[in-house]
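Trainee: I should like a close look at a single part of this structure, set within the picture of the whole. Could you take me through it in one connected account?

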Amino acid sequence: MISDKFSTVIVMGLKFNHSSTKVQQMANFIEQSIIVNEYKVGEKLPSINFLSQKYCVSRDTVFKALMILKKKGIIDSIQGKNYYVLDQSTHIFLLLDEFTPFKEALYNSLVKKLPENFTVDLWFHQYNENLFNTIINEACGKYNRYIVMNYDNEKFSEVLKKIDKDRLLLLDFGKFDKKDYSYVCQDFDESFYHALESLKKELSKYKKLIFVFNKQHKHPQSSKIYFSRFCTDNGLDFEIIDKITETTPVQQNCCYLVIKQTDVVEIVKRAKSNNMKMGKNFGLLAYNENPFYEVIGDGVSSISIDFKLMGSIAADFALTGKKIQLYLPTHVYRRNSV
C-alpha cells in the first residue's frame with residue numbers, strides 16, 4: 001500500500017497532487033465520474049474498501065470524500081453504507097399523517113415556495129405504525145430531504161434513525177427528545193391552555209364546556225389534562241365525551257370544543273334541525289383552522305397553529321438544509337360561534 005500522506009499516484013485517471021487535500025481530490029474525482037455517467041443515478045457506488053484499494057488511499061480518505069458528496073446532495077447512504085448516486089434534481093420526501101384541509105394548506109404552501117427543479121413525493125401513514133415504518137424504509141437513501149410527521153406525539157420512531165439527521169425535518173408532533181434534529185412542532189399542552197385562557201370571557205358565559213375527544217383519535221391525549229386544568233382553574237363546569245352520536249343532543253347553553261371535522265359538521269347539522277344558533281343557543285370551538293370555518297353559519301371559531309407557515313418553513317429547510325428548531329405559536333381565530 002502506498003503512503004496516503006506524501007505520494008503522488010496516477011491510477012485509472014486519478015492523479016493526486018498538492019493543489020488540495022487527498023480527501024477533496026478524491027471527492028472531486030468521484031463527482032466527475034458521476035457527471036460522465038460512470039456511476040449512474042440510483043446505482044450503488046463501490047464499497048469504501050474497494051475504492052481504498054483501487055486508488056491506493058486509506059479507508060478514512062474515501063469515507064471523508066463520500067461525506068463531502070453526501071453533504072452536497074450528490075450521493076446518499078443507508079445507515080452509513082451502500083452509497084447511492086442521487087438525481088441532481090432535488091427530491092423531497094413528505095410524509096404526513098392523514099389528509100385534511102389544513103394539511104393541504106401546508107402542502108400547497110411548501111410546493112409554492114420551491115423552484116421547478118424540486119419534486120415533492122407526498123405520502124400518508126394514517127397513524128399506522130407498520131405502514132409508517134414500511135414507507136420510511138422504502139424511502140431511505142432516495143431523497144435529498146425528508147420532511148416527516150411522526151405517527152406518535154410521545155415517542156420518536158426508531159426507524160427515523162436510518163435517515164441522516166441533517167436531512168430530516170420533523171413536523172407537528174414532538175413531545176419527545178429531538179434535540180439533534182430539525183423540527184417545526186406545535187405545543188398541544190401549555191399553548192393550548194393559554195389559547196383557552198384568551199377565550200375565558202367568551203367561554204365563561206356557558207353553563208358547561210364539552211370537549212369532544214374521540215378515544216381512537218391520535219390527537220395528543222395530554223390535551224385533555226390541560227383542558228381539565230383550564231376549566232378547574234377558572235371554576236367552569238366541564239365534560240369530556242368520546243364522540244357525537246345519532247342520539248347525542250346538542251345541549252342548550254353549552255360550548256363544544258371539537259377536534260374532528262366530522263363532529264363539527266354533525267353538531268352544526270343537529271343544531272340546525274333543532275333551530276339552535278351557534279354563539280347564541282350553544283357555542284362551538286374547533287381545533288385546527290379550516291377554510292370552511294369562515295363560511296359555516298356565521299363562522300366557526302378555532303384554535304390552531306398556522307399550517308401555511310409550517311409549510312413555508314419546511315420549504316426553507318428543503319431549500320437550504322439549515323437546522324431549525326421551532327415551536328409555532330397557537331392562535332385563536334375568533335368568529336361568531338362562541
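Mentor: The protein carries 46 positive and 39 negative side chains, and the centres of these two sets lie 3 Å apart. The model is a predicted one. Its exposed surface comes to about 16,700 Å², with 51% of that supplied by carbon and sulfur atoms. Among its 338 residues, 51% count as buried.

The chain forms 10 helices and 16 strands. The radius of gyration is 26 Å, well over the 20 Å that the globule rule gives for 338 residues, so the protein is more spread out than a compact globule. Taken along the principal axes, the box filled by the C-alpha atoms is roughly 85 × 35 × 35 Å. Of the contacts with a separation of 6 or more, 65% join residues 24 or more positions apart.

The part I would choose for the close look is helix H4, which covers residues 101-113. From its first C-alpha to its last, this helix of 13 residues reaches 19 Å, close to the 18 Å expected at 1.5 Å a residue. Which residues of H4 are buried? They are Pro101, Phe102, Lys103, Ala105, Leu106, Ser109 and Leu110. In reading such a list, it helps to recall that an α-helix has 3.6 residues a turn, so residues three or four places apart point the same way.

The cover over the buried residues of H4 includes strands S5 (90-96), S6 (118-124), S7 (145-149) and S8 (168-172). Helices H9 (261-273) and H10 (307-320) also belong to that cover.

Strand S6 leads on to a further detail. In the loop between S6 and helix H5 (129-139) lies Gln126, which has a positive phi of about 55° although it is not a glycine. Gln126 counts as partly exposed because its relative accessibility is 46%, and that class runs from 20% to 50%. Cys56, also not a glycine, has a positive phi of about 55°; its place is the loop between helix H2 (48-54) and helix H3 (59-71).

Helix H1 (residues 22-35) may be set beside H4. Its 14 residues should span 20 Å at 1.5 Å a residue, and the end C-alpha atoms are indeed 20 Å apart. H1 is mostly covered, with 10 of its 14 residues buried; among them are Val23, Met26, Ala27, Phe29, Ile30 and Ile34. The buried residues of H1 also include Lys22 and Glu31. After H1 comes Asn37, with a positive phi near 75°.

Notes: Residues are numbered from 1 along each chain as its sequence is written. This is a predicted model: local features need pLDDT of at least 70, side-chain atom pairs count only at pLDDT 80 or more; totals for chains, interfaces and linings use all residues. Side-chain values use heavy atoms; hydrogens and water are left out. Helices (H or I, at least four residues) and strands (E, at least two) are DSSP runs, numbered from the N terminus. The radius of gyration is taken over C-alpha atoms; the globule rule is 2.2 Å times the number of residues to the power 0.38. Buried means under 20% relative accessible area, exposed over 50%, partly exposed in between (1.4 Å probe, protein chains only). Contact means heavy atoms within 4.5 Å. Accessible areas come from the Shrake-Rupley method with a 1.4 Å probe; for residues, only the protein chains shown count as cover. Lys and Arg count as positive and Asp and Glu as negative; His and the chain ends are not counted. The place of a charge is taken as NZ of Lys, CZ of Arg, CG of Asp or CD of Glu. The expected span of a helix is 1.5 Å times one less than its number of residues.
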